[in-house]
Amino acid sequence: MFARVVSVHLKSNMLSDYTRSVEKDILPLLHKQKGFKDEITLSNPSSLDVVAISLWESKANADAYNTNTYPEVLKTFARLVDGTPKVQTFESVTSTFHNVAVAA
């Protein structure tokens, strides 16, 4: 399993708009992507920081999303985000998520 972790700093009072956009616009896009497994979005109630973690079957699937679809996602979030989102990638070492395989 492979993870993309996207950290964003929202503009003031944009958390509800961000959440609505994820549910209405982004999740449908993700579900159409080959190898997409799950999306977890975390917010910090004492700040404007949000972390979105998408889980993928493989690095190749996550890379294809990053190249072909993520630029569209960035356009969707442009009015909500302050600055440029930071993207990090990780291979799964351990997981209890639906008994998926981890990287060797």
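User: A helix here is a DSSP run of H or I with at least four residues, and helices are numbered from the N terminus. In which helix does Asn61 lie?

Analyst: The model is predicted. It has 3 helices in the protein chain, and H2 covers residues 59-68. The helix in which Asn61 lies is H2.

User: Is Asn61 buried or exposed?

Analyst: A residue counts as buried when its relative accessible area is under 20%. The relative accessible area of Asn61 is 11%, so this residue is buried.

User: Which residues is Asn61 in contact with, leaving aside its neighbours within four places in sequence?

Analyst: Contact means heavy atoms within 4.5 Å. With neighbours up to four places away in sequence set aside, the contacts of Asn61 are Lys34, Gly35 and Trp56.

User: Where does Glu57 lie, and which residues does it touch, not counting residues up to four places away in sequence?

Analyst: Glu57 sits in the loop that runs between strand S3 (49-56) and helix H2 (59-68). Its C-alpha atom is 6.5 Å from that of Phe36, although 21 residues separate the two along the chain. Beyond four places in sequence, Glu57 touches Met1, Gly35 and Lys37.

User: What pattern does the protein chain follow along the sequence?

Analyst: The protein chain contains 3 helices and 4 strands. Taken in sequence order, these elements give the pattern β-α-β-β-α-α-β.

User: In what order do the 4 strands stand in the open sheet?

Analyst: The pairing in this open sheet is antiparallel. Its edge strands, each pairing on one side only, are S2 (36-43) and S4 (86-91). From one strand to the next the twist averages 15°. The order is S2-S3-S1-S4.

User: How many bridges pair strand S1 with S3?

Analyst: Strand S1 takes in residues 2-9 and pairs with S3 in the antiparallel sense. Within this pairing, Val6 stands opposite Ala52 of S3. The number of bridges between S1 and S3 is 8.

User: How many bridges join S1 to S4?

Analyst: S1 and S4 run antiparallel. One bridge pair here is Ala3 with Phe90 of S4. The bridges joining S1 to S4 number 6.

User: How many residues lie between S2 and S3 in their hairpin?

Analyst: S2 and S3 run antiparallel and are joined by 7 bridges. Asp38, for one, has Leu55 in S3 as its bridge partner. The number of residues between the two strands of the hairpin is 5.

User: Why is S1 said to be largely enclosed by the rest of the structure?

Analyst: Burial is set by a relative accessible area under 20%. S1 is called largely enclosed by the rest of the structure because, of its 8 residues, the number buried is 6.

User: Which element gives the most to the largest nonpolar core?

Analyst: This core has 21 residues, and those with the most contacts inside it include Val8, Tyr18 and Trp56. At least two of its residues come from each of S1, H1 (15-31), S3, H2 and H3 (70-77). The element that gives the most, with 5 residues, is H1.

User: Which residues does Val8 touch, not counting residues up to four places away in sequence?

Analyst: Val8 is among the residues with the most contacts inside the largest nonpolar core. Outside its neighbours up to four places away in sequence, Val8 touches Tyr18, Leu48, Asp49, Val50, Val81 and Pro85.

User: What value is phi of Asn13 near?

Analyst: Asn13 is placed in the loop between S1 and H1. With a relative accessible area of 69%, Asn13 is exposed. Most residues other than glycine have a negative phi. Phi of Asn13 is positive, near 60°.

User: What is the radius of gyration of the protein chain?

Analyst: The C-alpha trace spans about 40 × 30 × 20 Å along its principal axes. For 104 residues the globule rule gives 13 Å, and the value for this chain is close to that, so the chain is as compact as a globular protein of that length. The radius of gyration is 14 Å.

Terms used. Residues numbered from 1 in each chain as written. Predicted model: local features only at pLDDT ≥ 70, side-chain atom pairs only at ≥ 80, totals over all residues. Heavy atoms only, no water. Pairing = 2+ DSSP bridges. Axes fitted to C-alpha atoms, helices over the stretch in contact; angles between N-to-C directions. Core = buried A, V, L, I, M, F, W, Y, C linked by side-chain atoms within 4.5 Å. Buried < 20%, exposed > 50% of the residue type's maximum accessible area, 1.4 Å probe, protein only. Rg over C-alpha atoms; globule rule 2.2 N^0.38 Å.
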